[in-house]
Amino acid sequence: MLLIEAWQFLVTHPGRFFHALATHIMLSGGALGLAIAIAVPLGLWVAHRRRAAFTAITIANIGRTLPSLAVLALVMPILGTGFAPSLFALTLLALPPILINTYTAVRQVDVDIVDAARGMGMTGAEIVRKVEVPIALPVMFAGIRTAAVQVVSGAVLASYIGGGGLGDFITAGIAMMAMPQLLVGAIPATLLSLGTDRLFGGLQKLLTPRGLRPE
Amino acid sequence: MIDITDLTKQFAGTERPAVNGLTLSIAEGDVCVLIGPSGCGKTTIMRIINRMIEPDSGSVVVGNRDIMRTDPVELRRRIGYVIQQIGLFPHWSIAENIATVPRLLGWTEQRVATRVDELLTLVGMDPGIYRERFPRALSGGQKQRVGVARALAADPPVMLMDEPFGAIDPITRTHLQDEFLKILRALKKTIVFVTHDIDEAIKLGDRIAILREGALVQYGAPETILTSPVDAFVEAFVGTDRALKRLALISAAAAAEPIAPAAFAAELLASIRPSRTILAEANLRDALAQMLTSGTDTLAVVATDGTRCGILTLASVRAQIQVGTRDSVVVDSRAIAP
């Protein structure tokens, strides 16, 4: 019954729904993209700098323990409300897992392999590009996958600081005790999270170099 | 080919230098084995040659070029590098691993592919079978074959090898050493070979540099090291069985006497008892072992085609041991640094 009502709400408000869905995807996609652009190079860099690594990883670990809602709440007094502060908060949320996994993945690369690469005359950049990153890729990507799922689910909360997205239906649904409207937000948001996990799981397998794949 | 002059290196936080005023000259095409107890600086010296470690003072000239005035990356691409742990790239196929340096040097793919097959064949691996495989599918011995092939890929005049056979089981190791010896002789590379195994040093080296606490104790051909160790340290290092080791360097053919009065009898025996013949290229150590096991003091030396080269007697083997051997020196155990 409830599901039919939810479906009816959706077909009578297609504009609102697709706008919210698009905002949700843009928010999460944007935040994930920004987080990758920041955390991957930073992770690669700190993996080669022992002292910087300690600071960065400690901060990342603290960041990881913060609840999603708290991050959004902390951003609001400083940056206000709307899409941009939400994007910023979600990016913050996505940074720690990517940074930590990139760092760990690179540090796990066998020192003898790196020694051989250096001894054969690869430059520092060539070692990173041709040896460390390809070998580290599966673990790095596991971090990106975690971050992606976190961001897609966290984006539901963006609604609290006026960021829009599928969370709007949920907050409105709760406020008005309108269950069908709530489901119009909650079901697609859940499916989006599950889909993201699947998609990145598939990508992870695809990006694992053949020589490193389990036989 | 490689001239090391007054080389010194001390690592931060250590009490004494790892390399202490070392001067060493390695001729083109020679296999120079650096050997000594652990902590003698052998690996450090090797790694200074391709600037994996920067020296404190002194100079190293490789093929008329001062290494300190050569870009490290460019220098390393001209020097083959093989390590005990091999360090094959697990995400690359065998062919891609071997192609590493040629690709860095910008060879055409056509030329790279030809070279890869050539090298796989050289190290005794069928390119058709192994080209597309990944390192994890190989045994330890096969991995090191690929490691050596990879180091030889761009045909570097100089090769650095740090205990390349150290982590390989004894049977495969002997086999690889023999094959490697053949390849080295054919290619005439100048090789710096680090090991702690004196038998390996004697087997593979044209010259052996015995090191202790970062300084050179003795530098010479294996026979010289075995027959005239300069001090008690070297003598203890090469071992009390150095007479036997020396025998391993001499072929049966070289020590055989031309057909002598006893030849007729020996030849007669040989035709009946295969245990009383020995191949011309076998060494005297094996010959001695054969004499002891078969209870004879005369062996017929035969070439691979079956022709008789002469006879070998226990007396002639003994004579070889005595050539050039100094009077025994009392070994001072304190001279051997742990």
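What volume does the largest cavity have? In this predicted model, the largest cavity has a volume of about 90 Å³, and the structure as a whole holds three cavities of 30 Å³ or more. Rolling a probe the size of a water molecule over the atoms shows where empty space is left.

The walls of the largest cavity are a good place to begin. Its lining is made up of B:V123, B:Q144, B:R145, B:V148, B:F165, B:L176, B:E179, B:F180 and B:I183. Two elements of chain B, α7 (140-152) and α8 (170-187), are the ones that give two or more residues to this lining, and α8(B) provides the largest share, with four residues. Sorted by class, the residues of the lining of the largest cavity comprise six that are nonpolar, one that is polar and two that are charged.

From there the reader can turn to the second largest cavity, whose volume is about 50 Å³. Among the residues that line the second largest cavity is A:M120, from chain A, while chain B is represented by B:R76, B:R77, B:I79, B:G80, B:Y81, B:V101, B:R150, B:A151, B:A153, B:A154 and B:P156. In chain B, α2 (72-77), β6 (79-83) and α7 each supply at least two residues of this lining, and the largest share, three residues, comes from the strand β6(B). The lining of the second largest cavity divides by class into eight nonpolar residues, one polar residue and three charged residues.

The helix α7 of chain B thus appears at both sites, giving two or more residues to the lining of the largest cavity and at least two to that of the second largest.

Terms used. Residues are numbered from 1 along each chain as its sequence is written. Chains are lettered from A and ligands numbered from 1 in the order in which they are written. This is a predicted model: local features need pLDDT of at least 70, side-chain atom pairs count only at pLDDT 80 or more; totals for chains, interfaces and linings use all residues. Side-chain values use heavy atoms; hydrogens and water are left out. On a 1 Å grid over the protein atoms alone, a cavity is a set of points where a 1.4 Å probe fits but cannot get out, and a pocket is an open set with protein on both sides within 12 Å along at least five of seven lines; lining residues have an atom within 4 Å of a point. Grid points are joined across faces, edges and corners, and a volume is the space filled by probe spheres set on the points. Ala, Val, Leu, Ile, Met, Phe, Trp, Tyr, Cys and Pro count as nonpolar, Asp, Glu, Lys and Arg as charged, and the others, Gly among them, as polar.
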